[in-house]
Amino acid sequence: MIDYDKILPEHITGIQPSGIRKFFDIAQQVEGVISLSVGEPDFKTPWAVRKEAIRVLEKGRTAYTANSGLIELRRAISDYLKDTIHTEYSPDKEIIVTVGGSEAIDMALRTLVQAGDEVLVPEPSFVCYSPLVSVCGGTPVPIVTKREDNFRLTAEALKEKITPKTKALVLPFPNNPTGAVMRREHLEQIADVLRGTDIIVLSDEIYSEMTYNGAKHVSFAEIDGMRERTIVINGFSKAFAMTGWRLGYAAGPQPIMKQMLKLHQYCIMSSPTVSQYAAITALRSCREEVDKMIEEYDMRRRLLVKGFNDMGLDCFEPEGAFYVFPCIKSTGMTSAEFCEKLIYGKKVAVVPGSAFGESGEGFVRVSYAYSVQHLTTALGRIREFLEEIKK
């Protein structure tokens with residue numbers, strides 16, 4: 001008999017499964033559950049994108065592409081970044097098309113991090129950053145973002161965590177799960193702290209299109225002098241409702257991208273060919289569809305914020321992404337207890353804030369990438385749940 005405990009490395013076995021998927025899996029097993037647990041748009045991929053994919057398949061364009069992606073797509077990404085974050089990247093040397101934004105994050109961290117390095121991770125934040133740092137042999141160092149700071153990373157908090165071992169900073173804004181947005185003045189304060197260091201910034205901008213209340217996204221790469229230290233991560237899953245197409249990209253300084261490309265070559269070869277052709281259409285022809293989706297998300301956002309506040313759960317008003325992060329401390333339950341009792345008692349699935357770091361305890365994440373009917377029904381059930389636990 002093989003003793004798998006001996007052959008499997010501790011840096012892998014020690015990783016905890018995603019807290020998001022746990023409640024998604026429970027929701028699949030309990031009949032009648034309304035799941036607000038996964039950040040997946042309920043919109044269909046725009047028809048123009050699907051139509052282009054069909055055309056490409058009919059023409060048999062299914063061979064490998066260049067390792068870094070179709071040059072036509074890299075040019076389209078370059079144009080898109082120039083228009084949206086006002087930063088130019090060479091399609092030939094500074095952009096890599098990846099299998100979702102997730103691969104881009106993994107590649108960037110594996111390119112930068114080695115044993116003994118520290119990576120600063122603002123929390124609460126998406127579940128993948130810290131585990132991927134650990135897999136690289138590095139040490140993730142959480143920086144707590146607070147409700148009173150609108151869940152933004154402050155220069156003071158950043159400065160306190162920097163040590164001689166600090167290799168990189170993750171900037172996950174607009175933020176999942178809080179919906180927080182870093183405005184230009186906040187990014188400039190972060191830049192002032194980093195000037196004179198060799199710290200690289202991993203700017204995860206997957207929700208860059210999803211901003212509200214006039215809070216337009218600003219990339220850290222736009223800030224004076226920061227392009228040379230910033231790797232921009234983005235993709236097509238959220239803004240273009242292309243989750244299953246598995247396509248993202250990284251853009252950054254050529255010396256870093258050159259090394260990332262080697263990892264991509266050996267691990268992936270190239271991203272899905274049909275998805276790449278379709279993504280060109282997404283970038284060049286789907287602005288109107290994206291705007292309509294953002295308008296709908298904004299309406300849902302306001303519905304949930306008002307709904308939670310009206311039922312007595314203090315809810316921070318998010319300015320980005322498609323999540324709300326209400327505080328459930330008044331119930332006296334932990335986040336996990338609240339979510340488990342809610343899903344089994346009222347058949348509504350949300351995610352405990354503790355899944356996004358210890359500082360998320362006392363909150364739950366609720367996705368509004370679902371229909372108004374689902375959201376309204378879920379709010380009604382949560383209200384009933386709160387009334388019942390008060391008795």
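## Cysteines, salt bridges and a strand

C267 is partly exposed, with a relative accessible area of 46%, in a model that is predicted. Its sulfur lies 11 Å from the closest cysteine sulfur, which belongs to C136, and that is too far for a bond, since a disulfide calls for two cysteine sulfur atoms within 2.5 Å. The structure as a whole holds zero disulfides. Another cysteine, C286, counts as buried, with a relative accessibility of 1%.

From the cysteines we can turn to the charged side chains. Side chains of opposite charge can pair when their charged atoms come close, and a search of the whole structure finds 21 salt bridges. One of these is formed by the side chains of D117 and K167, with 2.9 Å from N to O. The pair links distant parts of the chain, for D117 sits in the loop between α6 (100–112) and β3 (118–123), while K167 belongs to strand β5 (residues 166–171), 50 residues apart. As for their surroundings, D117 counts as buried at 10% relative accessibility, whereas K167 is partly exposed, with a relative accessible area of 22%.

A second salt bridge brings together the side chains of R147 and D314, here with 3.5 Å from N to O. R147 is found in the loop between β4 (139–144) and α8 (155–161), and D314 in the loop between α12 (287–310) and β9 (323–324), so this pair ties together parts of the chain that are 167 residues apart in sequence. Both partners keep some access to the surface: R147 counts as partly exposed at 29% relative accessibility, and D314 counts as partly exposed at 42%.

In a third case the salt bridge runs between two helices, as E384 pairs with K346, their closest N and O atoms being 3.3 Å apart. E384 lies in helix α14 (residues 372–390) and K346 in helix α13 (residues 335–346), so parts that are 38 residues apart in sequence are tied together by this pair. E384 is partly exposed, having a relative accessible area of 40%, while K346 is buried, with a value of 15%. Salt bridges can also join into a group, and D298, R301, R302 and E317 are linked in such a network.

The next stop is strand β12, which covers residues 364–367. In a regular strand the side chains alternate between the two faces of the sheet. In β12, V364 and V366 point one way and R365 and S367 the other way, and all of them are buried. This strand has pairing partners that can be traced residue by residue. With β9, it pairs in the antiparallel sense over two bridges, and Y323 stands opposite S367 of β12. With strand β11 (residues 351–352), β12 again pairs in the antiparallel sense over two bridges, and here the bridge partner of P352 is V364.

The walk ends at the surface, among residues with low numbers in the chain. There, I2, Y4, I7 and L8 form a nonpolar patch, and together these side chains belong to residues with about 430 Å² of accessible area. Within this patch, Y4 lies in helix α1, which is made of residues 4–7.

Key:
Residues numbered from 1 in each chain as written. Predicted model: local features only at pLDDT ≥ 70, side-chain atom pairs only at ≥ 80, totals over all residues. Heavy atoms only, no water. Patch = residues over 30% accessible without salt bridge, like charges linked within 9 Å, V, L, I, M, F, W, Y side chains within 5 Å. Areas by Shrake-Rupley, 256 points an atom, 1.4 Å probe, with all protein chains shown as cover. Salt bridge = Lys/Arg side-chain N within 4 Å of Asp/Glu carboxyl O. Helix = DSSP H or I, 4+ residues; strand = E, 2+ residues; numbered from the N terminus. Buried < 20%, exposed > 50% of the residue type's maximum accessible area, 1.4 Å probe, protein only. Pairing = 2+ DSSP bridges.
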